[in-house]
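Hi there,

Here is the structure I promised to pass on. Please open it alongside this note.

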Amino acid sequence: MRWSKDGLMEPTCIFEAATLHHSVQVVCRCGHSARFESHGVWWHFTRRGWDDRFGPARKRFWCRVCRSKERKKVHPVKLEPVNWKEGDFELPWPDERRWKEAVRSVR
Ligand SMILES: [Zn+2]
């Protein structure tokens, strides 16, 4: 976690985004972007042992549009926290016990 210029807490990884109820948005160089509800993304990463910090996490995503146009996996240029909104893509959530354990372990 870090503090922004205007004094707000800013998540630096997917787990922190989830604790703040933010979603994560990935943006491709082609302009395509996608939004994901972050609890589900965190759980997806955790089960695979992937690094969920925003920098390294980018290489786990690729753009659907570029994939179909160029037949290759293009990783997003940006991964950032955004306010959750209706319609954000939801992966399966962790069960409540696993989530609470994770939250407890960082306090
Ligand atoms: Zn793209």
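Below is what I found in it, beginning with how the model should be read.

This is a predicted model, in which local features need pLDDT of at least 70 and side-chain atom pairs count only at pLDDT 80 or more, whereas totals for chains, interfaces and linings use all residues. Residues are numbered from 1 along each chain as its sequence is written, and side-chain values use heavy atoms, leaving out hydrogens and water.

Let me start with the sheet. Helices (H or I, at least four residues) and strands (E, at least two) are DSSP runs numbered from the N terminus, and two strands pair if DSSP finds at least two bridges between them. Three strands form an open sheet in the order β4-β3-β5, with antiparallel pairing. Its edge strands, β4 (33–37) and β5 (78–83), each pair on one side only. Neighbouring strands are turned by 30° against each other on average, direction ignored; axes here are lines fitted to C-alpha atoms, for helices over the stretch in contact, and angles run from 0 to 180 degrees between N-to-C directions.

Strand β3 (residues 22–27) pairs with β5 over six bridges and with β4 over five. S23 has a partner on each side: V82 in β5 and E37 in β4. Further along, V24 stands opposite F36 in β4, and Q25 opposite E80 in β5.

How many residues of β3 are buried? Six of its six are, where buried means under 20% relative accessible area, exposed over 50% and partly exposed in between (1.4 Å probe, protein chains only). In a regular strand the side chains alternate between the two faces of the sheet. Here H22, V24 and V26 point one way from β3, while S23, Q25 and V27 point the other way.

Helix α2 (residues 38–48) lies across β3 and β4 and runs at about 85° to β4; contact means heavy atoms within 4.5 Å.

Now to the metal. The zinc ion has C28, C30, C63 and C66 as protein donors, each through SG, at 2.2 to 2.4 Å. Donors are N, O and S atoms within 2.8 Å of the metal (3.2 Å for Na, K and Ca), and sites may look incomplete because water is not among the atoms. The angles among the four donor atoms are 104 to 114°, and the site is tetrahedral, a label that requires all angles to lie between 85 and 135 degrees. Along the chain the donors follow the spacing C-x1-C-x32-C-x2-C. C30, in the loop between β3 and β4, and C63, in the loop between α3 (54–57) and α4 (64–70), are 33 residues apart, so this pair links distant parts of the chain. C63 is buried at 5% relative accessibility, whereas C30 is partly exposed at 40%.

In the hairpin of β3 and β4, with five residues between the strands, G31 takes a positive phi near 100°.

Finally, the aromatics. Rings of Phe, Tyr and Trp (its six-membered ring) pair if their centres lie within 6.5 Å, with planes under 30 degrees apart counted as stacked, over 60 as edge-to-face and the rest as tilted. There are eight such pairs. F45 and W50 have ring centres 5.1 Å apart and planes at 90°, so they are edge-to-face. F45 is buried at 2%, and W50 is partly exposed at 25%. Ring pairs link both of them with F36, F61 and F89 into a cluster.

Best wishes

Note on methods
Tetrahedral: all angles 85-135°; square planar, octahedral: opposite > 155°, others 65-115°.
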